[in-house]
Amino acid sequence: MDLFLRAALDEARLGLEEGGIPIGSVLVIDNEIVARGHNRRIQKSSAILHAEMDCLEQAGRLTAADYSRSILYSTLSPCDMCSGAALLYQVPKIIVGENRTFQGPEAYVKSRGVDVTVVNDPECIAIMERFIATHPALWNEDIGLPT
């Protein structure tokens, strides 16, 4: 597994340990992790703290030049909200750990010029499958489905 995807998976595991949803993300610029995040909706009683949103928040204010050199890693396919944030800041590349348990608007993001690579890593798939099987109501809440 890629070093940066492993860091995102470490964030997902941290989120799970905190009682949250196991999705993690890291932002890489010039081959260095500049921010880490994980889904904190449950922990912070937040409407928006998906892993990618938490990661971007942890990065703080970056310049357009910084974002233009960035790669966003996520253990799960980014949803509409998180994909929109990546598009807003013109992140040129997104590496997705898996999209079997959930697939965001990848085709649309690609149509906007973003290089989206889906790895379908077995560890990323397994952590989400276990979580969805054991916490279906929390999962449905997170992706906006009725519980």
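**Reading a predicted model: one residue, one sheet, two cavities**

Tutor: Let's start with aspartate 142, which sits in helix 8. Keep in mind that this is a predicted model.

Student: Why is aspartate 142 called buried?

Tutor: Buried means under 20% relative accessible area. Aspartate 142 has 7% relative accessibility, so it counts as buried.

Student: Which residues does aspartate 142 touch, leaving out those up to four places away in sequence?

Tutor: Its contacts are Ile21, Ile23, Asn39, Arg41 and His50. A contact here means heavy atoms within 4.5 Å.

Student: Let's turn to the sheet. What makes strand 2 and strand 5 edge strands?

Tutor: Strand 2 (32-38) and strand 5 (115-118) each pair on one side only. They belong to an open sheet of five strands in the order 2-1-3-4-5, and the pairing is mixed. On average, neighbouring strands of this sheet are turned by 15° against each other, direction ignored.

Student: How do you know that strand 1 and strand 2 pair?

Tutor: Two strands pair if DSSP finds at least two bridges between them. Strand 1 (residues 24-29) is joined to strand 2 by six bridges, so the condition is met. The two strands run antiparallel.

Student: Which residue in strand 2 is the bridge partner of valine 26?

Tutor: That partner is arginine 36.

Student: And what lies across these strands?

Tutor: Helix 3 does: it lies across strand 1, strand 2 and strand 3 (70-74), and runs at about 130° to strand 2.

Student: Now the cavities. How many of 30 Å³ or more does the structure hold?

Tutor: There are two cavities of that kind. The largest cavity has a volume of about 90 Å³. Fourteen residues line the largest cavity, and the closest to its centre are Ile23, His50, Leu76, Ser77 and Cys79. Helix 3 (51-59) and helix 8 (136-142) are the elements that give two or more residues to this lining.

Student: What classes of residue make up the lining of the largest cavity?

Tutor: Nine are nonpolar, three polar and two charged.

Student: What is the volume of the second largest cavity?

Tutor: About 40 Å³. Its lining includes Ser77, Pro78, Gly104 and Glu106. Strand 4 (93-96) and helix 6 (106-111) each supply at least two residues of that lining.

Student: Why does Glu106 in this lining count as charged, and Gly104 as polar?

Tutor: Glu is in the charged class, and Gly is counted among the polar residues, so each takes its label from its residue type. Overall, this lining divides into six nonpolar, three polar and one charged.

Technical notes
Residues are numbered from 1 along each chain as its sequence is written. This is a predicted model: local features need pLDDT of at least 70, side-chain atom pairs count only at pLDDT 80 or more; totals for chains, interfaces and linings use all residues. Side-chain values use heavy atoms; hydrogens and water are left out. On a 1 Å grid over the protein atoms alone, a cavity is a set of points where a 1.4 Å probe fits but cannot get out, and a pocket is an open set with protein on both sides within 12 Å along at least five of seven lines; lining residues have an atom within 4 Å of a point. Grid points are joined across faces, edges and corners, and a volume is the space filled by probe spheres set on the points. Helices (H or I, at least four residues) and strands (E, at least two) are DSSP runs, numbered from the N terminus. Axes are lines fitted to C-alpha atoms, for helices over the stretch in contact, and angles run from 0 to 180 degrees between N-to-C directions. Buried means under 20% relative accessible area, exposed over 50%, partly exposed in between (1.4 Å probe, protein chains only).
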